[in-house]
Amino acid sequence: LLSCRTNDWLAATVGRRARMMDVEFDSAARRFAKDSTTRAQAAAAKREKLRLEREAARRIAAQRDAAKAEEEAAASARAAAEADRREQDLEHNRGVYYHETLRPVLSRTAEERGIVRRLDKVQLPRSAAAALADASHNGVAAFEITTSSGAVTHATLLDFTAPEGAIGMPETVLRSLGLLPDGLAGLSVSRAPESGSAAQARPSMPGGQDPMDISELLPPLPSAVAVGGSGVTVRYRRLPRGTFARVQPVASRFRREVDDVKSLLEVELMRRTTLSVGDTIIVGAGIGSATEAGGAGDGGAALSQGHAIRVLSLEPDRAVSLIDTDLEVEIAPSAEEEEALAAARAAQQRAAQAAEAAAASAASAAARAVAEHEALRASEAAAATAALRERQLVRERAAAALPPEPATGGVVLSIRCPDGSRCVRRFSPRDPLESAFELVEALWNETDNAPLLPARFGLAAQFPRRVFSREAAAGVTLAGAGLDSAQEALLVEIPTV
């Protein structure tokens, strides 16, 4: 017995341990499967990350290569365009070519030397002299000066004393290129006395006033340009002599204040060697007494305000030389006048458009009113037609419903209708009172444009007055209604509402 119990206990113990081992094995297998899955997912994520990184690197490399190719293509196109431009310049300039990018610096050398045509004289570095050695056979060396923003003007050579990599330009040229702010300085200016030769070199102005360089009337040069601002492109260009110019005053007061336009323009153009489309020149700016300028009369010098004039067009080219030429000048209406005219035309156009819109709206409203009226008439006509059709159906049904008419005797009903006509017929006293209503519906023919007989109407006897309604006539005979005499007179009563 003890041996059997021991064996049972051992068997149970072994079974429990076996089950525990199975549970542990299952748990270990699940952990292993989970770890394997995690490692596989991590490896897959790492491979995907590497793939994405390689694709991104390839895209960046492709973009870099494409950008480089575009830059090379653009550089090649620029080189080809510059080569074509060089060939064109060599042909146009009779074998002379000069093209450099230089930084602009302020130069007042031409003014200090008392040069008459000083407003567009520039200085180049000494290194430019070799390239321009053959330019003398083309006359005065002229240059096209362009900024990175696209502003263009022209100037002629003063000398080769500018610092290397720079171009010396007067304020007038700097301002034409948009490198200086617009506007005039204060109301009074002063100037150091000039030598006799410099004073004689200045052209005289109308009225005996002494002309002055407009640069003296302008704000100080910004330090950025004074030390050398952004680069400008300088290109040698042989300019034709100008034959015609069309200019436009900026302010409308030019027409009121300037009498001798020819003299003013001659004075200004005598201080220039070139003229370009888009240039703005100042005429009539000079020194007068304080009394002339409206001052207190202290004898000091005061600024007489000048007039800004824009160059609209030139012939035979967009830039011309003013040396040894007779220039025909046409004065266009001022920009302010053109703006006023444009505003007036725009106002007239807006008024005309508003009038057209109002007329169109009125016409549309009238058309809608006509259409609505026509639709109403059509609806009324359709309703009238339907009412006539319905009235005819009622007439036919009433005629069919009338009882046979006695040959003799009975009651002769004479019913007066609203238009004065009468409906007369013989009835038997035993006929229903409803027959009197049917008699009116069957025999009364309304005149044209007269209201149709309504579905609800009444009959009345005068002596004594009795009123019969159709609702009350149901089941009542003529005799029962007191209509049993040989002749009975009734009239139709139409309800007002």
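Among contacts in the protein chain between residues at least 6 apart in sequence, 75% join residues at least 24 apart. The model is predicted. The protein chain has 10 helices and 20 strands. Of its 497 residues, 33% count as buried. This briefing follows helix 10 and its surroundings.

**Helix 10 and its cover**

- Helix 10 spans residues 434-443.
- Eight of its 10 residues are buried, so the rest of the structure largely encloses this helix.
- The buried residues are Ser435, Ala436, Phe437, Glu438, Leu439, Val440, Glu441 and Ala442.
- One helix in their cover is helix 9 (335-401).
- Strands help cover them too, including strand 16 (411-416), strand 17 (422-427) and strand 18 (458-461).
- Strand 19 (466-468) and strand 20 (487-493) are also part of the cover.

**The nonpolar cores**

- In soluble globular proteins, nonpolar side chains tend to be buried together.
- The largest nonpolar core here has 26 residues.
- Ile415, Leu433, Val440, Leu459, Phe468 and Leu490 have the most contacts inside this core.
- Two or more residues each come from strand 16, strand 17, helix 10, strand 18 and strand 20.
- Helix 10 gives the largest share of this core, five residues.
- Another core, of 23 residues, lies apart from this one. Among its members are Val96, Val122, Phe143 and Leu157.

**A closer look at Leu459**

- Leu459 is one of the residues with the most contacts inside the largest core.
- Leave aside its neighbours within four places in sequence, and Leu459 still contacts Ala436, Phe437 and Val440.
- Its other contacts beyond those neighbours include Ile415, Arg466, Val467 and Phe468.
- Leu490, Leu491 and Val492 are also in contact with Leu459.

**Helix 9 against helix 10**

- Two packed helices are described by the angle between their axes and the distance between the axes.
- Helix 9 and helix 10 pack at an angle of about 130°, with their axes 7 Å apart.
- The two helices are therefore oblique to each other.
- The crossing of helix 9 past helix 10 is left-handed.
- Helix 9 makes the contact with Arg391, Val394, Arg395, Ala398, Ala399 and Ala401.
- Helix 10 brings Glu438, Val440, Glu441 and Ala442 to the contact.
- By class, this contact has six nonpolar, no polar and four charged residues.

**Val440 in both settings**

- Val440 is buried in helix 10.
- Val440 is among the residues with the most contacts inside the largest nonpolar core, and it also takes part in the contact with helix 9.

Conventions: Residues are numbered from 1 along each chain as its sequence is written. This is a predicted model: local features need pLDDT of at least 70, side-chain atom pairs count only at pLDDT 80 or more; totals for chains, interfaces and linings use all residues. Side-chain values use heavy atoms; hydrogens and water are left out. Buried means under 20% relative accessible area, exposed over 50%, partly exposed in between (1.4 Å probe, protein chains only). Helices (H or I, at least four residues) and strands (E, at least two) are DSSP runs, numbered from the N terminus. Contact means heavy atoms within 4.5 Å. A nonpolar core is a set of buried Ala, Val, Leu, Ile, Met, Phe, Trp, Tyr and Cys residues joined through side-chain atoms within 4.5 Å. Axes are lines fitted to C-alpha atoms, for helices over the stretch in contact, and angles run from 0 to 180 degrees between N-to-C directions. Angles under 35 degrees count as roughly parallel, over 145 as roughly antiparallel, 65 to 115 as roughly perpendicular and the rest as oblique. A crossing is left-handed if the near helix is turned anticlockwise from the far one by less than a right angle, and right-handed if clockwise. Ala, Val, Leu, Ile, Met, Phe, Trp, Tyr, Cys and Pro count as nonpolar, Asp, Glu, Lys and Arg as charged, and the others, Gly among them, as polar.
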